[in-house]
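Visitor: Could you take me on a close look at one part of this protein, the nonpolar core, and then walk me outward from there to whatever lies around it? I work at the bench, so please name the residues as you go.

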Amino acid sequence: MAAYFFASAVDIDVKVDGEEVRKQVDTKGEKDRPISCPVYFDGESVSGQVTIRVRDGKKLAHDGIKVEFVGNIELFYDRGHHHEFLSLSQELAAPGEMRQAQTFEFMFKNVEKQYESYQGINVKLRYFIRVTISRRMADVTKEKDLWVHSFRMPPDSNNSIKMEVGIEDCLHIEFEYNKSKYHLKDVIVGKIYFLLVRIKIKHMELSIIRRETTGSPPNQYNESETITKFEIMDGAPVRGETIPIRLFLGGFDLTPTFRDVNKKFSTRYYLNLVLVDEENRRYFKQQEITIFRIPEN
């Protein structure tokens, strides 16, 4: 009750410089309400202003005001435990009293933001600015989220994926994808070649699956979600037939591949090829692909 009473006596407004010209990412904040976050990159400075207004002309006695730049990982099964991997702090005001609105400047210079922001099924990696007014009874805090993108250099080696799969004396197919590593706006080009077909195939589909792994054994959780699924063939193929594949990634809500981020989570992507026969039996083959971010033009 005390926290609510003191929080209602003061308004805190946080603005970051150049926010209106930055790219924005829409995400979910507290209680799943939508918020828009300005995008920052690794090594960029974060600066802005904090404005504190005292309501109804009252005076605000405090034990100091500080601003922090925080990066943390929240695992949803471990709520209440936020794993901070980045914490920078600046004092805005020494203990004292405030009777009217005041604006404070802050600057966190050349901040290393080693991970990309991520909001998944069981995990959230977020960066935010937190302002804290220290009070004897209850602190007053305000947070403002930022979104961080990380660019990675295109890989030196990017081999095609070529595989033969089949069921002995029933089905033998060869599939090929042009690359194993793709940027977020890339195009997957491939083909499927039927060497032997002795089962009645009804249709064939290709899907992109995102697999999120959080925690570590024995408290490890795996969640898979299908990002897209589409039919690439309808009807029975014949021996020697080739089915082309062309899949544009730009239209899907993808993130880069994340591997063992801060020893807390991984996010991987798989191409899943599924053949369904007339008795609705499903034959599938998964292949991992790597997705990375490059600068947008």
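Guide: Let's begin at I129, which in this predicted model touches V14, V16, V46, V67, E68, F69, F106, K142, E143, K144 and L146, leaving out residues up to four places away in sequence. I129 is one of the residues with the most contacts inside the largest nonpolar core, a group it shares with V46, I52, I65, F69, F106 and L125. That core has 38 residues in total. In soluble globular proteins, nonpolar side chains tend to be buried together.

Which elements give two or more residues to this core? They are β1 (10-16), β4 (46-54), β6 (65-75), β7 (82-93), β9 (102-108), β11, β12 and β20. Of these, β11 gives the most, with 6 residues. A second core lies apart from this one; it has 30 residues, and F194, I208, I245 and L275 are among them.

Now let's move from the core to the pockets. Two strands you have just met, β11 (123-133) and β12 (140-149), also supply at least two residues each to the lining of the largest pocket, as do β2 (24-28), β3 (34-41) and β10 (118-119). The largest share comes from β12, with 8 residues. This pocket has a volume of about 1500 Å³. Its lining counts 49 residues, and D26, T27, K28, Q119 and W147 are the ones nearest the centre. By character, the lining holds 22 charged, 16 nonpolar and 11 polar residues.

β20 leads us on in a similar way. Besides its part in the core, β20 (258-261) supplies at least two residues to the lining of the second largest pocket, and β22 (282-292) does so too. Here β20 gives the most, with 4 residues. The space in this pocket is about 310 Å³. It is lined by 18 residues, with R152, P256, T257, F258 and R259 closest to the centre. The lining divides into 8 nonpolar, 6 charged and 4 polar residues.

P256 deserves a pause. It sits in the loop between β19 and β20, and because its relative accessibility is 7%, P256 counts as buried. Beyond its neighbours within four places in sequence, P256 is in contact with E116, L184, Y269, I291, F292 and R293. You can also place P256 against R210: the two are 46 residues apart along the chain, and their C-alpha atoms are separated by 11 Å.

From there, have a look at T290, which is in strand β22. Is T290 buried or exposed? T290 counts as buried, because its relative accessibility of 18% falls under the 20% limit. Its contacts, again leaving aside neighbours within four places in sequence, are S180, K181, Y182, T257 and R259. T257 and R259 are also among the residues closest to the centre of the second largest pocket.

Next come some loops. G235 lies in the loop between β18 (219-234) and β19 (242-248). With 27% relative accessibility, G235 counts as partly exposed. Outside its neighbours within four places in sequence, G235 is in contact with I201, K202 and H203. Its C-alpha is 6.6 Å from that of I201, although the two residues are 34 apart in sequence.

Two asparagines are worth finding for their backbone angles. Most residues other than glycine have a negative phi, and most peptide bonds are trans. N110 has a positive phi, near 45°, and N280 has a positive phi too, near 60°. N110 belongs to the loop between β9 and β10, whereas N280 belongs to the loop between β21 (265-277) and β22. N110 is exposed, with a relative accessible area of 52%, and N280 is exposed as well, at 51%.

Finally, a word on confidence. The chain averages a pLDDT of 89, and 97% of the residues score at least 70. Over residues 1-7, however, pLDDT stays under 50, and the model has 7 contacts for this stretch beyond four places in sequence. Where pLDDT is low, the predicted coordinates should not be read in detail.

Terms used:
Residues are numbered from 1 along each chain as its sequence is written. This is a predicted model: local features need pLDDT of at least 70, side-chain atom pairs count only at pLDDT 80 or more; totals for chains, interfaces and linings use all residues. Side-chain values use heavy atoms; hydrogens and water are left out. On a 1 Å grid over the protein atoms alone, a cavity is a set of points where a 1.4 Å probe fits but cannot get out, and a pocket is an open set with protein on both sides within 12 Å along at least five of seven lines; lining residues have an atom within 4 Å of a point. Grid points are joined across faces, edges and corners, and a volume is the space filled by probe spheres set on the points. Ala, Val, Leu, Ile, Met, Phe, Trp, Tyr, Cys and Pro count as nonpolar, Asp, Glu, Lys and Arg as charged, and the others, Gly among them, as polar. pLDDT is the predictor's confidence in each residue, from 0 to 100. Contact means heavy atoms within 4.5 Å. Buried means under 20% relative accessible area, exposed over 50%, partly exposed in between (1.4 Å probe, protein chains only). A nonpolar core is a set of buried Ala, Val, Leu, Ile, Met, Phe, Trp, Tyr and Cys residues joined through side-chain atoms within 4.5 Å.
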